[in-house]
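Subject: A structure for you to look at

Hi,

Here is the structure I promised to pass on to you. Please open it alongside this message and follow along at your own pace.

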Amino acid sequence: MDFTLTDEQELLRDGLTKFLATRYGLESSRAAAKLGPGWQPEIWRSFAEELGILGAAMPEEVGGIGGGPVEVMVIAEALGHALVVEPYVDTVVVAGGLLQRAGGPIADALSEQIAAGTAVVSVAATEAAFGDHWQDARTTARPDGEGWLLDGSKITVLNAPLATHLLVTATTQAGLSLFLVDLADQPSGLTMHGYRTVDDRRAADIEFTGVRAVLLGTDGAAGESVEQARDEGAAAVAAEAVGNMRKVLADTVEYCKQRQQFGTPIGTFQALQHRMVDMHIELEQSVAAVYLAVLNLQAEPAQRARAVSAAKATVGRAARFIGQNAVQLHGGMGMTEELAIGHYFKRLTAVQYEFGSTDRHLARYAELTRP
């Protein structure tokens, strides 16, 4: 396999990295996340208008650039390195993929809005009864005139308080289907309980009581698309975690070069050098696993699922190991708000559970590789 990026992909990475280094400060992003609206809308618009990353992996017909999984990996890793809280994975990768596969004028119009930076779309697919399993839903949809009515509830809908639209999975008489709810219309019967997550992102639990929605795609045919979207989200979050871990490891090495004990930098202590080497090995294993997942996202479902679960489990283990050791090597300062390391540690903790926990993906990989 050739893991070399093309010239265009390198330009995409370098341009985004430079933008984030000069215009995305950790202090301002944390302030927006903790005390403000939860994100920086002007940064989101710049992603669309100046960098074009919101449409980088979308078809040209909807205003995109026509890239693919590798472009998503490059972008997600750069965003992870800068600890960006804006909803790239949820809106562009997961919702964008669902819209592309659903097709039709409504889906295409919303995809154009995503690429232009004027729409933020959250996917409401997780239910308390089924957890990580998106293909089961007790939320139901019934036809009503030219539209549909939704009844049920969803939990931990990431970025829902920021969203302009929701994509909701619900069961009809034909099976699992995908529905669009326009939040700008302030639909009656929808109750949203918003909160801030441990890693300073916004999420909500949502209840639907006769909420009017629009069917996307074919009634009862959303199961395979939803499962693919979940795998695409898992691969993107794993790539984001690689960016997180690169930053955490670099900061830890630099800190150990500067922090002195007994009159000498603690980075000269052999035991700590071994610890940082172990962290580096975990990072490199994660990089290789993410590449494998990304290069198999367009393979047949079983092969894709194996590669994604292997990557998510590998990254989950590495995120835990690198995050905890980085905090320990920083001492008590590692958990303070003043240092970046504490914020990255929270994100690495949350990553272990997004789009399926580490244990869930280990179990799926074992099931898929059973003789």
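Below is what I found about the domains and the place where two of them meet.

Please keep in mind that this is a predicted model. The domain assignment splits the protein into three parts: domain 1 covers 7-119, domain 2 covers 122-221 and domain 3 covers 223-369. It may help to colour them separately before reading on.

Let's look at domain 1 and domain 3. Their C-alpha centres are 22 Å apart, and the contact between them draws on 20 residues from domain 1 and 27 residues from domain 3. Together they bury an area of about 1,900 Å², with carbon and sulfur atoms giving 70% of that area.

Which charged side chains should you look for? Try Glu 77 and Arg 246, whose side chains form a salt bridge with an N to O distance of 2.6 Å. The count of salt bridges between domain 1 and domain 3 is three. Five residue pairs are also found in polar contact across this interface, with both residues at pLDDT 80 or more.

Now turn to the side of domain 1 that touches domain 3. The elements that each give two or more residues to this side are helix 2 (26-34), helix 4 (69-81) and helix 5 (88-102). Which of them gives the largest share? That is helix 4, with eight residues. Sorted by class, this side of domain 1 has twelve nonpolar, three polar and five charged residues.

Enjoy exploring, and write back with any questions!

Best wishes

Conventions
Residues numbered from 1 in each chain as written. Heavy atoms only, no water. Domains from an automatic or database assignment. Contact = heavy atoms within 4.5 Å. Buried area = accessible area lost by both parts, 1.4 Å probe. Salt bridge = Lys/Arg side-chain N within 4 Å of Asp/Glu carboxyl O. Polar contact = N/O pair within 3.5 Å; in protein donor to acceptor, adjacent residues only side chain to side chain. Helix = DSSP H or I, 4+ residues; strand = E, 2+ residues; numbered from the N terminus. Nonpolar A, V, L, I, M, F, W, Y, C, P; charged D, E, K, R; others polar.
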